[in-house]
Amino acid sequence: MKVLDADKLTDLAAALARAGYRVVAPIEDSGVVRLAEWTEGATIRTDVIPVNSAKDFLFPRSEVIGRWDLDGADFSPRDVQPDATKTVLLAVRPCDAAALALLDTIFNWDYKDDFYNARRRAATVVPMVCTAADEQCFCTSVGGAPDATANADAMLRSADGGAKFILEPLTDKGNALLDAAGDAAREGEAAADPPAEVPHRFDVDAVTEWLSENFESALWTTLSLGCLGCGACAYACPTCHCFDMQDEATRTQSVRLKNWDSCGFGLFTQHAGGHNPRPDQTARWRQRVMHKFSYIPERFQLLGCTGCGRCARLCGAGMSMSEVCRRIADESKKAPAHES
Amino acid sequence: MSPDIDQAATVQQPGGNLYAPMTMTIAEARDETYDTRTLRLEFPGEQERAAFFAKYRVGMFGLYGVPGAGESVFCIASPPTRDRYIECTFRRAGRVTAAIQDREVGQTITFRGPYGNCFPIEEWKGRNIVFIAGGIALPPLRSVIWNVLDRRDEFADVTILYGARTVADLVYKDELADWQKRDDVNLITTVDPGGETEDWKGKIGFVPTVLEQTAPTPKNAVALVCGPPIMIKFSLPILKTLGFAPADTYTTLENRMKCGVGKCGRCNVGSLYVCKDGPVFTIEQVRKLPQDDL
């Protein structure tokens, strides 16, 4: 097996960067750990769950999808190529990788979005088995696991009590990455550490079933009271994929941008005529929960949540998706659907 | 609901930029009201024109834009039976629609489409068709009306009930006059109380009220209802009382959209994408959707 010392992850990042990869890793900056492009001297931290998710590098917060030259009233289109920079998503989390099932589906279920696909094809996904979880983690409640290998090209496994990492390739991309790593991962032996124990916090099938019957429940008002409508949860979410399209122009050039958006914002659904199908934060928060746990499962037979807990860690009002789901699951025990 | 791979394939070039529009030339323009304008658009070339009409059916929509301002979604207001151009009619509602309205004849705008599903008019052959429209919602039905009138022999009675807040808000005034003269069209126009002028010859009353008075027969009929949410809300119970089956009553959902192609998530209602599974729905289908305040 291929192993490396735990404190030599930067050597691996450096080797991959030399081999032509853009290396994305959890990097500490001003006391905050974020997934970001690694550059020489940057500190990689694997002991903290990054505030952002790996989606940022496949579906960036803002991306140019159109470009025109402007000349008075005339305009002429210019070619726009998707970003296909060879990238490794290094030491991301299994909950990041789990989200790719949904993103791959959304951007390809009918029409194909090549801006996403080019980045996705160029990405090698190397999650790290979680050996610690915090109180917001709930991957095991939504079909995931701290050592899940879904959508991974290679896995990093903590070993020998945290002293080493095992780098285990799972796909051709993973093998290519191992070749590129060179001496940064050497042949050796190590004993994998046990994955984190992530408590099972709610029965997701009960949640989905309750949602299908309770669009009008009074519980929505209670559940949504804290929501400030800031959208932080959507931006940190590995599966949230809703976007806006906006133009930015100078006198001579215009670009069309695909920008992250959120169903938590009042303007998200507001018609030009003023009517808003989701007129208040209760309707918008309900949409968020329904979309992830009812509508996406109905449409795509997938869940719209990987249990990463990032939304709850960021929420200024202390709202937590796992807490909401737990309360819904409790509610479903109180009032079975056939009695309502 | 399964993906419509065939439609996606016909609209999108493999590996192409899904969001790249065509450049269309404004061949004609006319003001319908103080804030609503109709543009006739010509295709950049024969290949684009033929490709468009190979897939265009009434009910589908497009994204119209001006680089630097953005794109807006509205209906295609002309039918596939008039296949040299497309027309759109839209209200000046914000930055993008203002930028499009301010383009002159001979200048260009961008267009993507056609997207979405369509009215199943081939299933309506031999049936009576009742159109009920309010205000700026006549344009999405106008494509159906002209499609039906261009193939008049294939359909039975045609009834059009069209209302607006005031006489000044009525669109397609010339066409309304044409339809009024035809003996194979029953046109009823109305304006809201207080919206009439001294020489107004149509009815005075809200659309649902006039619908109740007019009482079109549901026998062998389909009804199409497009208008502001409040008009639809009060028209549906009357159609039901008259005996129109929810499965024979159609509307278009006018949800806000950005991408038009089932990605951006904005138009979601329940598990549906209005841009892909709609915009045309029967009332039977709408009733099954989560009742966000549609």
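Mentor: Exposed means 12 or fewer other C-beta atoms within 10 Å of a residue's own, buried means 20 or more, and partly exposed is in between, with C-beta atoms placed from the backbone. This model is predicted: local features need pLDDT of at least 70, side-chain atom pairs 80 or more, while totals for chains, interfaces and linings use all residues. Residues count from 1 along each chain as written, chains are lettered from A and ligands numbered from 1 in written order.

Trainee: Which residues of H5(A) are exposed on the other side from the buried ones?

Mentor: H5 of chain A spans residues 172–181 (helices are DSSP H or I runs of at least four residues, strands E runs of at least two, numbered from the N terminus). Its buried residues are A:Lys173, A:Leu177, A:Ala180 and A:Ala181. They sit on the same side because their arc, taken from the axis to the C-beta atoms, is only 105°. On the other side, the exposed residues are A:Asp172 and A:Asp179.

Trainee: Which helix do the buried residues of H5(A) pack against?

Mentor: Packing here rests on contacts (C-beta atoms, placed from the backbone, within 7 Å). The partners include strands E6, E7, E8 and E9 of chain A. The helix is H1 (9–18).

Trainee: Which residue follows H5(A)?

Mentor: Its phi is positive, near 55°. The residue is A:Gly182.

Trainee: Which element gives the most to the side of chain A that touches chain B?

Mentor: In all, 42 residues of chain A are in contact with 41 of chain B. E4, E5, E11, E12 and H9 of chain A each supply at least two residues. With six residues, the top contributor is E11(A).

Trainee: How far apart are the C-alpha centres of the two domains of chain B?

Mentor: An automatic or database assignment gives domain 1 (5–115) and domain 2 (121–252) of chain B. Each supplies 16 residues to their contact. The C-alpha centres lie apart by 25 Å.

Technical notes. Contact = placed C-beta atoms within 7 Å.
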